[in-house]
Amino acid sequence: MAQFVPRSVFPHYGAIPRSYFLGHHRAGLTKMKNMLASIDYIVECRDYRAPVTSINPMFEEALGKMRRLIVYTKRDLGGIPKSSAQKQTERKLQSFDPKSAVFFTSSSSRQDVSQIINHLRNDAEAPDKLVSCRVLVVGMPNVGKSTLINNLRNAGVGKAKALKTGQQPGITRKIATQVKIIERESGSHVYVLDTPGVFMPYVPEAESMLKLALCGCVKDNVISPVTLVDYLLYHINLHDPQVYKRWSEPTNEVVPLLESFARQTGLLSKGGVPNMDGAAIHFIQKWRQGELGRFLVDNLEAEERRREDPEQVSRLSMTQALKVERVTRKNRPDVTSSL
Ligand SMILES: Nc1nc2c(ncn2[C@@H]2O[C@H](COP(=O)(O)OP(=O)(O)OP(=O)(O)O)[C@@H](O)[C@H]2O)c(=O)[nH]1
């Protein structure tokens with residue numbers, strides 16, 4: 001049998017929507033900016049699996065001057081714990097933001113979260129900090145902000161979950177009431193505030209939109225689930241095509257793979273026809289649960305090279321991004337208006 005050769009590039013970037021900037025994203029960002037005077041820290045959450053793509057340039061512009069902690073969430077889904085590959089990834093990510101404290105968290109690891117508590121506790125206990133400390137947690141939709149806050153609260157003051165979390169983006173719609181995560185004898189405690197996830201007005205590259213959709217930052221109905229699985233299959237094949245051997249030989253063909261997956265998992269429509277969209281969503285969920293390989297969808301070596309090239313460094317500024325969004329809206333109906 002001929003040896004399987006995975007695709008080295010993804011060939012289908014056709015009609016991928018590039019926007020998911022909803023009303024509550026814009027409103028949330030404005031509110032965050034207005035409350036900065038009463039905030040001591042920003043905790044910026046990024047998705048470990050897409051650590052570069054899940055950076056929202058709007059946060060850089062709006063909140064960039066604040067003291068900031070960067071937290072890469074969902075660490076458990078991005079690699080093998082304590083492996084040399086994981087260590088190398090994390091060293092690289094730390095080197096991208098040398099001026100910020102950088103943390104990596106998995107919701108199942110109390111130790112990961114305790115490191116953030118220790119950092120905030122030490123900093124909050126500085127002699128000039130006699131009043132309460134308020135921390136704003138920001139990030140893309142569904143990146144794991146509320147989960148992180150619940151875990152910080154549990155590790156810091158031993159209390160149970162305070163905020164609702166969920167598999168789809170948009171669970172938190174408004175800036176939430178503050179939650180105490182560190183108690184101090186002086187009575188000036190450390191509080192965190194949850195915020196609605198904010199997407200960017202326009203995603204310059206179709207591939208970035210696919211990565212963000214795979215990680216769950218946009219609702220599952222915005223991009224065709226079969227296209228998303230095709231993109232996921234492209235990544236899986238570059239890592240380990242054996243992970244789907246229960247349903248298929250290694251393949252670059254998404255449709256037969258999903259048909260077989262649908263049949264074997266009972267995802268059939270009337271007449272026994274495979275329910276392709278249902279199967280695709282289920283397949284993606286399996287990856288999001290770590291059952292189809294744990295890897296990054298961003299290429300950190302490419303990002304390193306980009307950062308070394310001054311011509312490439314300029315990202316879309318917020319003003320530029322909003323301008324592009326306005327032009328896009330003018331030229332075609334907004335994909336988000338029906339959501
Ligand atoms: N495996 C894994 N799942 C996580 C982790 N953190 C969060 N999740 C899951 O990711 C999903 C989103 O988490 P939330 O905490 O609701 O995300 P959010 O950023 O508050 O979402 P929005 O309110 O939409 O902005 C939930 O299903 C969580 O259980 C993690 O470290 N590992």
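This is a guided tour of a predicted model, with selections to make in turn.

**Before starting**

Residue numbers run from 1 along each chain as its sequence is written. Because the model is predicted, local features need pLDDT of at least 70 and side-chain atom pairs count only at pLDDT 80 or more, whereas totals for chains, interfaces and linings use all residues.

**The whole chain**

Display the protein chain as a cartoon: its secondary structure comes to twelve helices and six strands. Helices (H or I, at least four residues) and strands (E, at least two) are DSSP runs, numbered from the N terminus. Of the 339 residues, 38% count as buried. A residue is buried if 20 or more other C-beta atoms lie within 10 Å of its own, exposed if 12 or fewer, and partly exposed in between, with C-beta atoms placed from the backbone. Among contacts with a separation of 6 or more, 74% come from residues 24 or more positions apart; two residues are in contact if their C-beta atoms, placed from the backbone, lie within 7 Å.

**The two domains**

Colour residues 1–16 + 223–298 as domain 1 and residues 23–194 as domain 2, following the domain assignment. Such bounds come from an automatic or database domain assignment. The C-alpha centres of domain 1 and domain 2 lie 32 Å apart. Their contact takes six residues from domain 1 and eleven residues from domain 2. On the domain 1 side, the residues that touch domain 2 are three nonpolar, one polar and two charged. In this classification, Ala, Val, Leu, Ile, Met, Phe, Trp, Tyr, Cys and Pro count as nonpolar, Asp, Glu, Lys and Arg as charged, and the others, Gly among them, as polar.

**The largest nonpolar core**

Select Val137, Ala213, Leu228 and Leu258 next. Of the 80 residues in the largest nonpolar core, these four touch the most other members. A nonpolar core is a set of buried Ala, Val, Leu, Ile, Met, Phe, Trp, Tyr and Cys residues joined through C-beta atoms within 7 Å. Helix α7 (residues 225–239) gives the most to this core, with seven residues. The core draws at least three residues from each of domain 1 and domain 2.

Centre the view on Leu228. Not counting residues up to four places away in sequence, Leu228 touches Leu210, Ala213, Leu214, Ile223, Ala280 and Ile284.

**Helices α6 to α9**

Move to helix α6 (residues 206–214), where Met209, Leu210, Lys211, Leu212, Ala213 and Leu214 are buried. The buried residues of α6 pack against α7 and α9. After α6 comes Gly216, whose phi is positive, near 95°.

Then show α7 together with α8 (residues 254–265). The axes of α7 and α8 come within 10 Å and cross at roughly 105°. Axes are lines fitted to C-alpha atoms, for helices over the stretch in contact, and angles run from 0 to 180 degrees between N-to-C directions. The two helices α7 and α8 are therefore roughly perpendicular to each other. Angles under 35 degrees count as roughly parallel, over 145 as roughly antiparallel, 65 to 115 as roughly perpendicular and the rest as oblique. Val226, Val229, Asp230 and Leu233 in α7 meet Val254, Leu257 and Leu258 in α8. By class, this contact has six nonpolar, no polar and one charged residues.

Add helix α9 (residues 276–288), which packs with α8 at an angle of about 85°, with the axes 9 Å apart. Helices α8 and α9 are therefore also roughly perpendicular to each other. Here Leu258, Phe261, Ala262 and Thr265 in α8 meet Met276, Ala279, Ala280, His282 and Phe283 in α9. By class, seven nonpolar, two polar and no charged residues form the contact of α8 with α9.

**Leu93 in helix α3**

Select Leu93, in helix α3 (residues 84–96). Leu93 is buried, with 21 other C-beta atoms within 10 Å. Leaving aside neighbours within four places in sequence, Leu93 is in contact with Pro51, Tyr72 and Val102.

**Two loop residues with positive phi**

Select Lys74, in the loop between β2 (68–73) and α3. Lys74 is not a glycine, yet its phi is positive, about 60°. With 26 C-beta neighbours inside 10 Å, Lys74 counts as buried.

Finish at Asn142, in the loop between β4 (133–139) and α5 (145–157). Phi of Asn142 is near 70°, a positive value in a residue other than glycine. Asn142 counts as buried, with 28 C-beta neighbours inside 10 Å.
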